[in-house]
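Good morning, colleagues. Please bring up the sequence and the structure on the screen, and I shall then go through a few of the local details in turn.

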Amino acid sequence: MYNSQTVIERVQSEIKKKNITQKTVLRECGLGEDTLKRMTDKNGMSSFNLARIADYLNCSIDYLLGRTENPIAHKSANVVFGDLSNNSGIVGSVGSTINGAVPLSTNAAAMLEIFNSLDTLSQAELLVHANKLKKGE
């Protein structure tokens, strides 16, 4: 069960980070100005309204509900768990866990997004450079 206060605080936090107003978000989502206030009543907020807000703020519903600390857990970027040097990695998703592996941090997810935007040669160069940094070279 979710805590309505957590949702309200996280929505307001994301709105503040994006330097927009709550009124603007709710208007752009086609929702009434009292939508967040009504979350505390016994009916709560519809999942469709929460999804509209999450989509507008580009964050996951799970983050707004307090189920994850990663606002971009909904992104479906591939994640490799394992050793890249011998191709034994297991491909998963941001926010998922495999054999107890911890989900990617926001910085790691951002780095992966950059990596995935590169061509194959640039990806290889980046991996070589990363391995040198890891070894302290």
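Thr 35 has a relative accessibility of 3%, and it therefore counts as buried, the limit being under 20%. This is a predicted model, as I should say at the outset. Where along the chain does Thr 35 lie? Thr 35 belongs to the loop between helix 2, residues 22-28, and helix 3. Its side chain reaches the backbone oxygen of Gly 32, at 2.7 Å. If we set aside the neighbours within four places in sequence, Thr 35 is in contact with Leu 26 and Met 45.

Let me turn to a second hydroxyl residue. Ser 60 sits in the loop between helix 3 and helix 4, the latter being residues 61-65. Is Ser 60 buried or exposed? Its relative accessibility is 4%, so Ser 60 counts as buried. Which backbone atom does the side chain of Ser 60 reach? The partner is the backbone nitrogen of Tyr 63, at 2.9 Å.

I continue with Thr 6, whose place is in helix 1. With a relative accessible area of 22%, Thr 6 is partly exposed, because the class of buried residues is confined to values under 20% and that of exposed residues to values over 50%. Thr 6 and Leu 64 are 58 residues apart along the chain, yet a separation of 7.2 Å is found between their C-alpha atoms. Not counting residues up to four places away in sequence, Thr 6 touches Leu 64, Leu 65 and Gly 66.

Finally, I come to the packing of two helices. Helix 1 covers residues 4-17 and helix 3 covers residues 47-57; their axes come within 10 Å and cross at roughly 25 degrees. Angles under 35 degrees count as roughly parallel, which means that helix 1 is roughly parallel to helix 3. The crossing of these two helices is left-handed. Which residues make the contact? On the side of helix 1 they are Val 7, Val 11, Glu 14 and Ile 15, and on the side of helix 3 they are Leu 50, Ile 53 and Leu 57. By class, the residues of this contact between helix 1 and helix 3 comprise six nonpolar, no polar and one charged.

To restate the loop residues for the discussion: Thr 35 is buried at 3% relative accessibility, and Ser 60 is buried at 4%.

Definitions and conventions: Residues are numbered from 1 along each chain as its sequence is written. This is a predicted model: local features need pLDDT of at least 70, side-chain atom pairs count only at pLDDT 80 or more; totals for chains, interfaces and linings use all residues. Side-chain values use heavy atoms; hydrogens and water are left out. Axes are lines fitted to C-alpha atoms, for helices over the stretch in contact, and angles run from 0 to 180 degrees between N-to-C directions. Helices (H or I, at least four residues) and strands (E, at least two) are DSSP runs, numbered from the N terminus. Angles under 35 degrees count as roughly parallel, over 145 as roughly antiparallel, 65 to 115 as roughly perpendicular and the rest as oblique. A crossing is left-handed if the near helix is turned anticlockwise from the far one by less than a right angle, and right-handed if clockwise. Contact means heavy atoms within 4.5 Å. Ala, Val, Leu, Ile, Met, Phe, Trp, Tyr, Cys and Pro count as nonpolar, Asp, Glu, Lys and Arg as charged, and the others, Gly among them, as polar. Buried means under 20% relative accessible area, exposed over 50%, partly exposed in between (1.4 Å probe, protein chains only). A polar contact is a pair of N or O atoms within 3.5 Å; within protein, one must be able to donate a hydrogen and the other to accept it, and residues adjacent in sequence count only if both atoms are side-chain atoms.
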